[in-house]
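Open the model in your viewer and get comfortable. We will go from the interface to the axis, and then to a single chain.

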There are 2 protein chains.
Amino acid sequence: MAIHKKEEFSQKDQELAFFAKAISHPARIAILKVLAEQSECICGKIVDVLPLAQSTVSQHLKELKTAGLILGTIDGPRSCYCINWEFFEKFNLEFNTLFKSLKAKSENNSCD
Amino acid sequence: MAIHKKEEFSQKDQELAFFAKAISHPARIAILKVLAEQSECICGKIVDVLPLAQSTVSQHLKELKTAGLILGTIDGPRSCYCINWEFFEKFNLEFNTLFKSLKAKSENNSCD
DNA sequence: TCGTTTTATCGTATATTTGCGATATAGGAT
DNA sequence: ATCCTATATCGCAAATATACGATAAAACGA
């Protein structure tokens, strides 16, 4: 694909797409659910719960971290992750805004 | 990657990931916005608006259609697309449910 | 110090996504 | 019938994503 064209779209659309991509794999959704459930921000326990190899889980955690959805701190020999709730709110809001704006736009027409 | 493991996750997580993937590219978000704005469910006008080749746009439209987010009808020599609002509501609700359930789970702990 | 445990990263294989040009198809106009 | 327009699909190339095993790094205990 020569050069990918993603950067030619609006910042907002790129950001939304980026957010959506962060949760576009069931493993990452499952990880978020586990993190939300656990009182301690467990680490390798996620590996036990998911049907994936340790290295693969680590990769998904890295992606969620890059996206901003989770925070990771080193705790001795292990890593401790938890949901970045502050960011999560922004994330949530962003989706709601998209959905609302689409609906709002549609109110001016009678397409459906 | 030998065999991809997506099907080993819960139906719900797979569905959510699938939904997220549908809007994980700025072109598809842009298409949804255009469709929501237009009073007639335009077709190739989308190509004019997006910085992509006709064939690429057609492919994104197909993906949105496969995901269920848009409907396409043939209108003479051209294709007419519009947002599938009924499905859109389900889509919207699914995300809200995920976000709410994550927050609800977190209320039992003090991780953050 | 040496081994153990835990996790990140590297290298690699394969699958999927993205993108485009070329072509096919189908309807409408002349 | 022939041409034109609009769109879908095919074939291909390149980029990304997914997955794993092997290995590296880091902290802890014996």
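## Where the chains meet

Start with both chains of this predicted model: 40 residues of chain B are in contact with 40 residues of chain A. Now select α1 (11-22), α2 (26-37), β2 (78-83) and α5 (85-106) of chain B; each of them supplies at least two residues of the side that touches chain A. Keep α2(B) highlighted, because... well, which element gives the most to that side of chain B? It is α2(B), with eight residues. Colour that side of chain B by class, and you will find 21 nonpolar, nine polar and 10 charged residues.

Next, compare the two sides. Of the interface residues of chain B, 100% are also interface residues in chain A, so the copies meet through the same surface.

## Down the axis

Try laying chain B on chain A: a turn of 180° and a shift of 0.0 Å along the axis does it, with an RMSD of 0.0 Å. This is the relation of a two-fold axis. To find the axis from chain B, select B:Ala20, whose C-alpha is the nearest to it in that chain, at 2.5 Å.

## One chain alone

Hide chain B and look at chain A, with its five helices and two strands. Follow the sequence and you will trace α-α-α-α-β-β-α. The radius of gyration of chain A is 17 Å, well over the 13 Å that the globule rule gives for 112 residues, so the chain is more spread out than a compact globule. Its C-alpha atoms fill a box of roughly 55 × 40 × 25 Å along the principal axes. Finally, colour chain A by burial: buried residues make up 34% of its 112 residues.

Notes: Residues numbered from 1 in each chain as written. Chains lettered and ligands numbered in written order. Predicted model: local features only at pLDDT ≥ 70, side-chain atom pairs only at ≥ 80, totals over all residues. Contact = placed C-beta atoms within 7 Å. Helix = DSSP H or I, 4+ residues; strand = E, 2+ residues; numbered from the N terminus. Nonpolar A, V, L, I, M, F, W, Y, C, P; charged D, E, K, R; others polar. Least-squares fit on C-alpha atoms with pLDDT ≥ 70 in both. Rg over C-alpha atoms; globule rule 2.2 N^0.38 Å. Buried ≥ 20, exposed ≤ 12 C-beta atoms within 10 Å, placed from the backbone.
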